[in-house]
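Okay, thanks everyone, let's get going. I'll put the structure up and then walk you through the sheets and the ligand site.

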Amino acid sequence: MQLDVLGDWQRTHSCGDLRAADVDREVTLTGWVHRRRDLGQLIFLDVRDRSGIAQVVFNKEQNSAAHARAEEVRGEYVVAVRGRVVARQKANPELESGEIEVIASEMRLLNTAKTPPFMIEDDVSASEETRLRYRYLDLRRSRPKQNIALRHRVLLEIRRTLDELGFYEIETPMLTRSTPEGARDYLVPSRVHRGHFYALPQSPQIFKQILMISGMERYFQIARCFRDEDLRADRQPEFTQLDFEMSFPTQDAIFSVIERVMERACAAAGIAVQGPFPRLEYREAMRRFGSDKPDLRFGMELHEVTSHFAVAQAKLGFAGSVQALAAPGGAALSRKQLDELTERAKSLGASGVYTIKLAADGAFASSLEKTLGADAVRAVAAAAGAKPGDLVVAVAAKEQIPGSDAAALVAGQLRLHLAEKLALVPSDQWKFTWITGFALFEWSETEKCVVSAQHPFTGIVDEDLPKLEDPSDAVRLSMRSKGYDLVLNGVELGSGSIRIHQQEVQQRLFRALGLSDETQRARFGFFLDALTYGTPPHGGIALGLDRVVALLAGEKSIREVIAFPKTASAQDLMADAPSSVSPDQLNELGIAVKE
Ligand code: ASP
């Protein structure tokens with residue numbers, strides 16, 4: 001097929017932007033043939049560019065040369081078209097440019113295209129695997145394209161806001177050494193220093209703290225982080241954080257920066273939110289919602305009802321505390337649905353699951369009545385705040401680890417499940433919450449010792465400092481950190497803290513984690529040294545940007561807002577990575593691959 005050159009043709013308008021006000025304009029459009037309808041005398045081409053679609057009409061009688069050219073094109077061919085905008089006799093409400101069409105006078109056919117493996121449409125039936133393999137075609141669809149555009153606007157707004165607040169955007173190295181964020185490192189072998197490896201950063205944590213020591217005062221970065229974690233749904237081996245750090249901060253100052261940033265990021269998505277965001281202590285979040293990332297878009301709070309069960313504990317055969325919640329309208333759930341709920345609770349670790357239905361007339365129906373008696377059943381329902389038509393669910397669970405709130409955690413999961421099932425989650429609400437008051441350490445079952453609940457640079461509540469040297473695990477587990485999380489609609493967006501800024505405290509913390517002085521020096525020597533040269537108090541946070549954009553875009557998966565995401569098994573299907581490398585390359589690096 002004979003192809004044309006673009007020559008000196010310059011696009012005058014974007015397809016999707018044409019409106020009735022453009023009628024009578026001579027325009028030049030460029031783009032892809034989205035669809036072609038051939039009616040003999042008339043050929044209609046839907047021409048698509050980044051902005052959307054415009055209908056172009058080729059009339060054989062009026063312009064046979066252009067019409068002949070249009071006969072040759074197929075879907076996804078690349079064209080440039082010149083013509084005049086006219087009002088359509090009947091507007092097409094499906095298209096933004098549906099009020100008009102373009103009567104073509106000339107067309108240049110710039111490239112052909114193979115038939116794509118799937119239609120470039122919003123309702124795509126292709127598997128995600130196929131979409132990712134042909135991501136360049138997938139990105140031609142309007143939804144992924146809109147997601148990428150939204151991501152751009154959100155990032156731009158974040159940059160603008162932080163710039164106005166006096167933050168410098170500073171890049172930190174990709175080739176560096178291990179950062180202790182708790183995941184496995186991606187390693188990069190050094191050719192020059194045989195047997196030595198760089199680690200890709202799990203976060204810019206140490207560098208951003210060093211930037212505070214350097215006197216940069218306010219730093220941010222849209223930072224790529226790398227964590228080699230086991231397969232988990234909706235994680236990416238490389239992901240993007242909004243990372244920031246500031247010197248001489250109060251917690252309020254840090255929160256207010258992020259509140260400004262989120263207000264404007266949300267506004268870029270057309271969503272109005274207003275700080276200050278409410279704050280919840282970790283303990284209170286667990287008690288009321290059974291979660292450290294509570295979804296505050298609906299109620300259904302938990303209520304401890306253990307005492308009402310005391311008389312029947314032996315008969316019912318459960319252990320631990322009992323948490324109850326009232327699900328509005330839940331009395332309508334069927335027997336089968338209740339059985340499913342019980343199964344779910346058991347699989348989450350419940351040792352007992354009990355339900356009470358409150359009929360519209362206020363009558364109770366519960367298998368508990370026989371064992372507990374009508375009064376106790378009524379008392380449980382009242383404690384949960386149940387109203388006619390509600391379902392009360394009470395769960396018991398035994399704490400494997402003391403203080404782990406086992407029953408509350410299960411009830412918290414059921415709360416989310418029931419809210420979803422009963423359609424109680426408003427999709428147009430944006431509930432941000434700060435969670436504070438975290439423990440400094442947590443118990444690791446695998447390592448059988450206390451480990452950092454966040455990372456080992458997290459500040460320690462001043463009164464708790466003396467407990468660092470306490471030999472009792474229980475005492476150390478009671479220590480409070482200066483950490484905080486930001487949560488949106490039940491999703492943890494990220495965490496941060498006021499940091500340890502005194503070298504002596506940092507060393508004591510490392511010791512409490514069982515790191516010998518030699519290990520400390522080997523892993524963090526440069527950082528421990530830097531801390532001794534006048535380190536200002538500092539603190540910050542990092543937010544998962546992929547997650548933020550996914551929420552704002554209304555997407556469930558972060559893959560939908562990343563231009564070139566990896567699969568759940570960490571593969572890039574388009575570029576076919578990871579891949580094997582040549583023996584020469586391995587040789588040069590001094591590496592042999594074990595079978
Ligand atoms: N570096 C931490 C993280 O990636 C965040 C922070 O403490 O600022 O989770």
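Before I start pointing at things: when I say contact, I mean heavy atoms within 4.5 Å. Axes are lines fitted to C-alpha atoms, for helices over the stretch in contact, and angles run from 0 to 180 degrees between N-to-C directions. Helices (H or I, at least four residues) and strands (E, at least two) are DSSP runs, numbered from the N terminus.

Now the fine print. This is a predicted model, so local features need pLDDT of at least 70 and side-chain atom pairs count only at pLDDT 80 or more, while totals for chains, interfaces and linings use all residues. Residues are numbered from 1 along each chain as its sequence is written, and side-chain values use heavy atoms, with hydrogens and water left out.

Okay, first sheet. Two strands pair if DSSP finds at least two bridges between them. On that basis we get an open sheet of five strands, ordered S12-S13-S16-S14-S15, and the pairing is antiparallel. Strand S12 (303-304) and strand S15 (364-365) sit at the edges with a single partner strand each, so one side of each has no neighbour in the sheet. S15 is joined to strand S14, residues 352-358, by two bridges, and the two run antiparallel. If you want a spot to click on, Lys357 is opposite Ala365 in S15.

Two helices lie across those strands. Helix H10, residues 335-347, lies across S14 and strand S16 (391-397), at about 150 degrees to S14. Helix H13, residues 406-421, lies across strand S13 (321-327) and S16, running at about 150 degrees to S16. In the loop between H13 and strand S17 (432-436) you'll find Ala423, and its phi is near 55 degrees, which is positive in a residue other than glycine.

On to the other sheet. Here we have an open sheet of eight strands with mixed pairing, in the order S6-S9-S10-S22-S21-S20-S17-S11. At its edges are strand S6 (168-169) and strand S11 (279-281), each with a single partner strand, so again one side of each is left without a neighbour in the sheet. Strand S10, residues 238-247, pairs with S22 in the antiparallel sense over seven bridges, and Leu242 has Leu543 in S22 as its bridge partner. H5 packs on this sheet, touching strand S9 (218-226), S10 and S22, and its direction makes about 20 degrees with that of S10.

So, what supplies the shell around the ligand? Helix H5 (205-213), strand S21 (491-498) and strand S22 (538-544) each give at least two residues. A residue is near if one of its heavy atoms lies within 4 Å of the molecule. There are 13 residues around the ligand, and Glu181, Gln205, Lys208, His455 and Arg499 come nearest.

For polar contacts to the ligand, the cut-off is a pair of N or O atoms within 3.5 Å. His455 has a polar side-chain atom 2.8 Å from a ligand oxygen. For Arg227, a side-chain N or O atom is 3.0 Å from an oxygen atom of the ligand. With Ser203, the partner is a nitrogen atom of the ligand, 3.3 Å from a polar side-chain atom. On areas (Shrake-Rupley, 1.4 Å probe), the ligand taken alone exposes 270 Å², and the protein buries 94% of that.

Last thing, a cis peptide to check: Gly275 to Pro276, omega about -5 degrees. Pro276 is in the loop between helix H6 (251-268) and S11.

How values were computed. A polar contact is a pair of N or O atoms within 3.5 Å; within protein, one must be able to donate a hydrogen and the other to accept it, and residues adjacent in sequence count only if both atoms are side-chain atoms.
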